[in-house]
Amino acid sequence: MANYLGSAAQFALDHLNQRQLHYSLLLSALGLGYGSSWLNQSWSDEALNHGTTADFDWDKEIVLVTGGAGGIGGEIVLRMAQSGTRVVVLDVMELTYIPSSNIYYYQCDITDHEALKRVAQRIRAEVGEPTVVVANAGICRGKALLEETEHDVELTIGVNTLGLLWTVKTFLPSMVERNHGHVLIVASVTGYMGTARSVDYCASKAAAISIYEGLHTEMKHVYKSPAVRISCASPSLVQTKMFKGIKPVAGMVGSGMRPSFVAGKIADVLYSGKAQNLILSRWALPPGIMRVLPQWMRVHVQDRAASSLESLDPHNPMASKL
Ligand SMILES: NC(=O)c1ccc[n+]([C@@H]2O[C@H](COP(=O)([O-])OP(=O)(O)OC[C@H]3O[C@@H](n4cnc5c(N)ncnc54)[C@H](O)[C@@H]3O)[C@@H](O)[C@H]2O)c1
């Protein structure tokens with residue numbers, strides 16, 4: 001191999017002028033980049049889907065979206081319903097849009113496991129068994145930890161972590177039984193790196209990423225249901241009422257993505273029938289890398305973003321529970 005590469009380099013030096021040499025090097029680098037990205041994509045695809053194929057019949061699938069009354073969840077509901085899919089919404093809030101006839105709304109607080117089990121029975125009787133679940137409901141109190149009441153912390157962990165676990169425990173068993181279905185967890189890039197004034201929120205999103213990774217491996221090794229897709233979507237800032245008042249930070253936190261854009265990407269994952277671990281936007285600082293970069297780099301990024309949540313004024317869908 002080394003001999004072959006040496007002869008190729010010698011041939012290039014002997015026969016190409018400098019400009020041609022530069023073009024050849026550039027083309028080789030592009031080819032190498034494209035080739036390795038293609039290999040990476042296809043190996044990841046194989047691993048995330050446990051080497052199995054899965055058929056989704058969208059005339060029969062029932063999609064359930066927690067927190068689908070508005071924001072990102074609402075856009076996912078509208079996008080999929082417009083494509084003719086039956087969509088069930090679970091939310092504490094009333095719908096913020098007029099539902100079409102293939103949207104079924106159930107008011108439910110996902111932190112209450114018993115209430116969730118009861119509403120699941122109603123959904124099964126009235127609509128059918130959900131085969132695709134988007135665990136999207138979330139809450140952010142937007143305060144520094146020492147300024148938060150115990151109840152603020154309980155709400156954040158209650159909705160974002162316990163509510164997520166209860167959702168999965170309620171709707172995953174039937175998917176496992178049939179080795180068919182898709183659970184997509186909406187986490188956040190804040191799950192990869194803590195930010196000031198959202199310590200409990202970041203912790204809850206780190207937990208969501210762990211739940212995603214753990215469930216993905218349990219699907220193959222514990223439940224032997226490798227065709228059930230487990231996906232995760234971790235957006236950076238999205239323009240919803242959750243992060244109202246966030247301050248832009250040059251080069252880092254822009255004005256945010258539109259919820260319809262994020263919803264479109266999530267719907268694409270579901271309609272593809274393939275599991276993905278999505279980080280949005282494409283330009284978001286690759287957050288996973290932060291864990292292996294030198295510590296000073298992480299602290300530098302945290303320093304730059306430190307004031308971004310100073311004037312946060314999130315809405316509170318759980319106001320009645322305060
Ligand atoms: N907006 C962002 O910048 C951003 C970034 C990354 C991740 N996320 C995540 O995206 C998801 C959607 O957030 P969003 O930005 O659309 O905010 P949002 O507040 O508009 O939507 C959250 C939805 O969850 C519902 N909800 C809250 N508590 C609930 C409960 N106990 N039971 C049932 N429903 C409940 C709310 O009523 C609301 O409809 C959340 O998980 C959030 O953490 C948001």
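A residue counts as exposed if 12 or fewer other C-beta atoms lie within 10 Å of its own, as buried at 20 or more, and as partly exposed in between. Keep that scale in mind. One more thing up front: this is a predicted model.

Let's start with Lys 224. Lys 224 has 9 C-beta neighbours inside 10 Å, so Lys 224 counts as exposed. Where does Lys 224 sit? Its place is in the loop between helix H6, residues 199-221, and strand S6, residues 229-235. Now the backbone. Phi of Lys 224 is near 50°, which is positive, and this is not a glycine. Most residues other than glycine have a negative phi.

Next, His 50. Here too phi is near 50°, a positive value in a non-glycine residue. His 50 belongs to the loop that runs between helix H2, 18-48, and strand S1, 62-66. Buried or exposed, or something in between? His 50 has 19 C-beta neighbours inside 10 Å, so His 50 counts as partly exposed. The cut-off for buried is 20.

Staying with backbone geometry: the peptide bond between Leu 280 and Ser 281. That bond is cis, with omega about 0°. As a general matter, most peptide bonds are trans. Ser 281 lies in the loop between strand S7, 277-280, and helix H8, 287-290.

Now a contact across the sequence. Take Gln 302, in helix H9, residues 295-305. Which residues does Gln 302 touch, leaving out those up to four places away in sequence? Met 193 and Thr 195. Gln 302 and Thr 195 are 107 residues apart along the chain, yet their C-alpha atoms are separated by 6.3 Å. As for exposure, Gln 302 has 14 C-beta neighbours inside 10 Å, so Gln 302 counts as partly exposed.

Last, the ligand. How many residues surround the ligand? The count is 31, and the closest are Gly 67, Gly 71, Gly 138, Thr 240 and Pro 317. Three elements give two or more residues to this shell: helix H3 at 71-82, strand S2 at 86-91 and helix H5 at 150-178. Which element gives the most? That is H3, with 3 residues. Then the chemistry of the shell. By class, there are 17 nonpolar residues, 11 polar and 3 charged.

To recap, briefly. Two loop residues, Lys 224 and His 50, have positive phi. A cis peptide bond joins Leu 280 and Ser 281. Gln 302 touches Met 193 and Thr 195. And 31 residues surround the ligand.

Methods: Residues numbered from 1 in each chain as written. Predicted model: local features only at pLDDT ≥ 70, side-chain atom pairs only at ≥ 80, totals over all residues. Near = placed C-beta within 6 Å. Helix = DSSP H or I, 4+ residues; strand = E, 2+ residues; numbered from the N terminus. Nonpolar A, V, L, I, M, F, W, Y, C, P; charged D, E, K, R; others polar. Contact = placed C-beta atoms within 7 Å.
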